[in-house]
Amino acid sequence: MITRDEVEHIARLARLSFEGDELGRYQHDLSRIIDYVQTLGELDLSGLPPTAHAVQVKNVLRADEPRPCLTQEAALANAPLVEAGQFVVPRIG
Amino acid sequence: MDLLSLTAHDCRELLASGEVSVTEMTGLYLDRIERIDESVGSYLLVDREGALAQAAAIDAKPGGERLPWEGVPIALKDLLCVEGLETTCASRILKGYRPPYDATVVAKLRAAGLVFLGKLNMDEFAMGSSTENSGYHVTRNPWDLERVPGGSSGGSAASVAAAETPWALGSDTGGSIRQPASLCGVVGLKPTYGAVSRYGLIAFASSLDQIGPLTRDVRDAAALFDMIAGRDPMDCTSLGLPAPVTMPDRTDLAGLRFGIIREYSGEAFEPGVRAVFDSAVAAIGALGGVCEEVSLPSVEKGIAAYYIIAPAEASSNLARFDGVRYGHRAEGAEDLLEMYTRTRSEGFGQEVKRRIMIGTYVLSTGYYDAYYGQAQRTRTQIIEDFRRAFGHVDFLISPTSPTVAFKIGERTEDPLAMYLSDLCTIPVNLAGLPAISIPAGLSEGLPVGLQIIGPHFNEQGLFDVSYALEQRLAVHDRPRTAEVAS
């Protein structure tokens, strides 16, 4: 069972917040899902390497040449708040 | 004109013969969407103006200059970026987002001259198996409006089944093309990992995601796959196909061996689904194919491995939604951290938050090897089991989904029950293999799909055997609900 403190800690890492009933519900759901996926722990897989890629592809390289990219205007067009060609955010902490 | 029986190939012929103009054909689909989509709910956005403008431009060109598929309409799952057209991934957090560029698959379809009808509903960020997790509205199964269309590409499958488009693109991370195709009675292909560029696909789990076609028949699937496949410098995981796609015309299965996956039987499978599957096995035999049971013990661990790997990748991919560069931003936050936290808590739906939490948990300090490492080793074992099986047989078969379409609301309270919908499809993504779901028959009036899995980059083989089976099984049933049949 995942504790309430653990749920709050994970939420902080994920930049999410839950309140009241919601916290309890996530605690319940996460505990059930983690219990389920934990069944993998019973397997002896010590001889197997972890998969990095399902279809083996290695060292994909290309020439490092400048190519056209988005204009500053296009890159900023969807931002909630912009000033002088830059993204504006609230003050840091 | 009976749109319910019209394939994209039929549309192409009608346009080529000059019987119907592109504007008329586009209008037929737009009018049908207007008439029935209130009942079905396939679309998040219908681009009537854009589609008609595209159609008019094609009609204005001299006929001889047309490309083969020019003027045939299509609709797109709402996680594919279309320049200037709102793309939300069915999430509130991306409301109003207008991508500044086309996804590679969209650019390819644009170059081929296809007309874009609009954007299709899905589970938010493709996380779900019923399209009930959309941040906007549910989509209903055209065969029974009280039931789900499957997911996450539920809008894509429902729109094709209800003839609100001749064909559509979806994406498949754990079954999200094949399962809704099965539940809605259409064809759905999940290509080999790397066969189709993911550039401009809003990412869920990057080591598993693939874009693919949902169509009315196998030849349409082959044609649409041919249009979107290939190496793209913008996606370094993409690879070229070994050979160009040819239109399937095989009518027998002589000399081919099919493995029935032993682990996919038992109480999770509805008797009606099993009966349709058995009739498909008989059809393979009648066409000269040989079926034998094979065992892939590790596939039973597929769901557990998937629900570590996919959320882990998602928790990282979805970190970009922070209210700074696009989408929703919470109002009135005092500082940056509060802005991030409130933006994400307000913008993401329940299932997305659940998966971000699982992913963050399994990747957090002290747990990495126990969960993620162990899941990736399980993945290696699954890949090995498939490799061993393909040493004996040419294709593997199973039901696509253990059940027919379930009732809206039936599984929303229990995330694990929902996850089990993808029992037969998930291991295929973990192994990066291609697989197709084709309609195999009905159980109690609802469609049942047959899944055929092939070795890496053998999409051609899947098309060939699916085509032969499609002719033999001859499933010509169409949804008969009053709203859709009208």
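Modeller: pLDDT is the predictor's confidence in each residue, from 0 to 100. Helices (H or I, at least four residues) and strands (E, at least two) are DSSP runs, numbered from the N terminus. Among the elements of chain A, strand 1 (residues 82–83) has the highest mean pLDDT, 97, and helix 2 of chain A the lowest, 94. This is a predicted model, in which local features need pLDDT of at least 70 and side-chain atom pairs count only at pLDDT 80 or more, while totals for chains, interfaces and linings use all residues. Residues are numbered from 1 along each chain as its sequence is written, and chains are lettered from A and ligands numbered from 1 in the order in which they are written.

Colleague: What is the mean pLDDT of chain A?

Modeller: The mean for chain A is 92, and 100% of its residues reach 70 or more. Chain B averages 96, again with 100% of the residues at 70 or above. For the complex, the predictor gives an ipTM of 0.96 and a pTM of 0.97.

Colleague: What is the radius of gyration of chain A?

Modeller: The value is taken over C-alpha atoms, and the globule rule is 2.2 Å times the number of residues to the power 0.38. Chain A has 23 Å, where a compact globule of 93 residues would have a value near 12 Å. Its C-alpha trace spans about 50 × 45 × 20 Å along the principal axes. The chain holds three helices and two strands, in the order α-α-α-β-β from the N terminus.

Colleague: And what is the radius of gyration of chain B?

Modeller: Chain B has 21 Å, which agrees with the value near 23 Å for a compact globule of 486 residues. Its C-alpha trace spans about 65 × 55 × 45 Å along the principal axes. This chain has 16 helices and eleven strands.

Colleague: Buried residues make up what percentage of chain A?

Modeller: A residue is buried if 20 or more other C-beta atoms lie within 10 Å of its own, exposed if 12 or fewer, and partly exposed in between, with C-beta atoms placed from the backbone. By that count, 18% of the 93 residues in chain A are buried. In chain B, 62% of the 486 residues are buried.

Colleague: How many residues does the contact take from chain A and from chain B?

Modeller: Two residues are in contact if their C-beta atoms, placed from the backbone, lie within 7 Å. Chain A contributes 43 residues and chain B contributes 58 residues. On the side of chain A that touches chain B, helix 1 (4–13), helix 2 (21–37) and helix 3 (72–76) of chain A each supply at least two residues. Helix 2 of chain A gives the most, with eight residues. That side of chain A divides into 31 nonpolar, seven polar and five charged residues. Here Ala, Val, Leu, Ile, Met, Phe, Trp, Tyr, Cys and Pro count as nonpolar, Asp, Glu, Lys and Arg as charged, and the others, Gly among them, as polar.

Colleague: How is a pair of packed helices described?

Modeller: Two packed helices are described by the angle between their axes and the distance between the axes. In chain B, the axes of helix 9 (residues 302–317) and helix 11 (residues 350–363) come within 7 Å and cross at roughly 100°. Axes are lines fitted to C-alpha atoms, for helices over the stretch in contact, and angles run from 0 to 180 degrees between N-to-C directions. Helix 9 and helix 11 of chain B are therefore roughly perpendicular; angles under 35 degrees count as roughly parallel, over 145 as roughly antiparallel, 65 to 115 as roughly perpendicular and the rest as oblique. Among the residues that meet are B:Tyr307 and B:Pro311 in helix 9, and B:Ile356 and B:Gly359 in helix 11. By class, this contact has nine nonpolar, three polar and one charged residues.

Colleague: Is B:Thr104 buried or exposed?

Modeller: B:Thr104 is buried, with 24 other C-beta atoms within 10 Å. Its place is in helix 4 (residues 104–112) of chain B. B:Thr104 and B:Ser197 are 93 residues apart in sequence, yet 6.5 Å apart in space, C-alpha to C-alpha. Leaving aside neighbours within four places in sequence, the contacts of B:Thr104 include B:Tyr199, B:Asp232 and B:Met234.

Colleague: Which peptide bond is cis, with omega near 10°?

Modeller: The bond from B:Gly151 to B:Ser152. B:Ser152 sits in the loop between strand 3 (115–120) and helix 5 (154–161) of chain B.

Colleague: Which residue has a positive phi of about 50° although it is not a glycine?

Modeller: B:Glu444 does, in the loop between strand 10 (435–443) and strand 11 (446–453) of chain B. B:Glu444 is exposed, with 9 other C-beta atoms within 10 Å. B:Ala163 also has a positive phi, about 55°, but B:Ala163 counts as buried, with 22 C-beta neighbours inside 10 Å.
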